[in-house]
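Thanks for making the time, everyone. Let me put the model up, and then I will talk through the parts I chose for today.

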Amino acid sequence: MADGHRAAYLAFDRFPSSKGSAVHIRHMAAELFDRYGGGLLCVLGGGGLPAYQREGAVEIVRFDAVVPNLLDRAEAFSAWAAEQLAPHRDTLELCHVRDPWGALPALDTGATLVYEANGLPSVELPYAWPLVAPSTLGKLRELERHCLSRAAAVVVPSYVIQRAVLDRGAAPDRVHLVPNGADPPPAGLPRPDTAPDRYLIYVGALQPWQGVDVLLRAFARLADLTDLALVVCSSVSANRARPLRRLAERLGVADRVRWQHMLPHAEVAAWLAHAELSVAPLTATPRNLEQGCSPIKVWESMAAGTAVVASDLPVIREVLGEHGRLVPPDRPAELARAIRVLLEYPDVRRELGERARRHVETGFTWRHARGRLAVVYETVAGR
Amino acid sequence: MTPCTVTTGFFTLGKCGVMAVAGCPACQRPLCAGHITESGLCPECAAARNQVGHPAAAAAYRRRMHRHRTAGEYQDAGWYAGFDAYDRSAFDPGAGAQQDYLDDGDDALVDS
């Protein structure tokens, strides 16, 4: 039935998409809908996605109004989401949200609120919107505090974010750690047709905090390895890569860098599995150090059995532990050295990859993540 | 055979593909028996006309919406007046680090 949903999942995020956040929504929402016998998914649309879909007992509605100003758009989404939730007010038991603009209308329904804090707008927005004033960030922090302190449970993917949400008023006994995960791809995945013979791989978005510029500078220091290519599997379109492409040209490595944009998630696994190394060069910015993250690129590289070289940051140590090679962040020379050493020792590389894959298989697949989320749902239902 | 062209799937989207038995009167797309709504429209057109769900539920929804709107409960939450023109100006399309706001990505507040 279209009426009377018991659960809703709200995200100010396009779904599905090739971003890590979409993979996350897919698994978390699936757990919610399995548990509550269906539900309502309110997400962003556009890009040819249908505004309305019904998949069995799950209804998917997408906000596709064009509102140029981001803050206006977020608030328009909020008001739209309130309208979508309204027919279900009598039956809604639980709303699962990812951001304040989903949380506000959800709080208004009176249903139990589970707030999944993967990031905080007050920390992340200034990177994309550099003119945002400190007073505006103060209001955003207050808005986060308003929503987090009212949530029955706050789900965080890392200890660093846990600290950040506690600072913003979440009750300590209501914060639950549910790390991201990855599912090991099937063995014997065929090599992608256009894959170079030997390549390093970067998978993910291209925001400044991802450190792709650091990786390009490190790659320029490996110019003597003429058979080595760098594959950048970007989750965003070619437009976004223009500054980085120009950097690659300036560094003289443009002809050895292969750009893949917005590959379907299922194809990325094969690129990962056949890479020599996967690199996660996250930078030491407040976004990574104070807010935190749980990079799906690292989880998926581990699951594919590909050795990972990543920045030595608390958020990465949490995920990778002893199962990869850590290097100081923002240091292209150090990164290049670590890559060179691992390329020299294929046995070490293989062993790191195998260990990482076992680590994921034994505790950090999406099945495990969903199991941890199910415990959170049980806890809030029992309150 | 004309296949049904309603988009289906949760994470991996595709077209339904089952044999079509009718066309949507509004958008003309071919529809299989399973995707014709009670009003004869495709699911998207029916949703756009607020014709999804049980008629009684829709009436209850409209009544509740009226009471809710006139009570101003939601608008009074306080947060909608929280941001002023100065706050908003930093989020205008030209103010972003990326100019192509209609492209993918900028919609998201946070990234995993």
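I will start with the ground rules, then turn to the cavities and end at the surface.

This is a predicted model, in which local features need pLDDT of at least 70 and side-chain atom pairs count only at pLDDT 80 or more, while totals for chains, interfaces and linings use all residues. Residues are numbered from 1 along each chain as its sequence is written, chains are lettered from A and ligands numbered from 1 in the order in which they are written, and side-chain values use heavy atoms, with hydrogens and water left out.

How many cavities of 30 Å³ or more does the structure hold? There are 5, where a cavity is a set of points on a 1 Å grid over the protein atoms alone at which a 1.4 Å probe fits but cannot get out, and its lining residues have an atom within 4 Å of a point. The largest has a volume of about 240 Å³, that is, the space filled by probe spheres set on points joined across faces, edges and corners. Of its 21 lining residues, those closest to the centre are A:Ser18, A:Gly20, A:Val203, A:Gly204 and A:Ser235.

A:Ser235 also lies 7.1 Å from A:Leu263, C-alpha to C-alpha, although the two are 28 residues apart in sequence. A:Leu263 counts as buried because its relative accessibility is 13%, the cut-off being under 20% with a 1.4 Å probe and protein chains only.

On chain B, by contrast, B:Met1 is exposed, at 72% relative accessible area, exposed being over 50%.

Note on methods. 1 Å grid on protein atoms, 1.4 Å probe; cavity = no way out; pocket = protein on both sides within 12 Å on 5 of 7 lines; lining within 4 Å.
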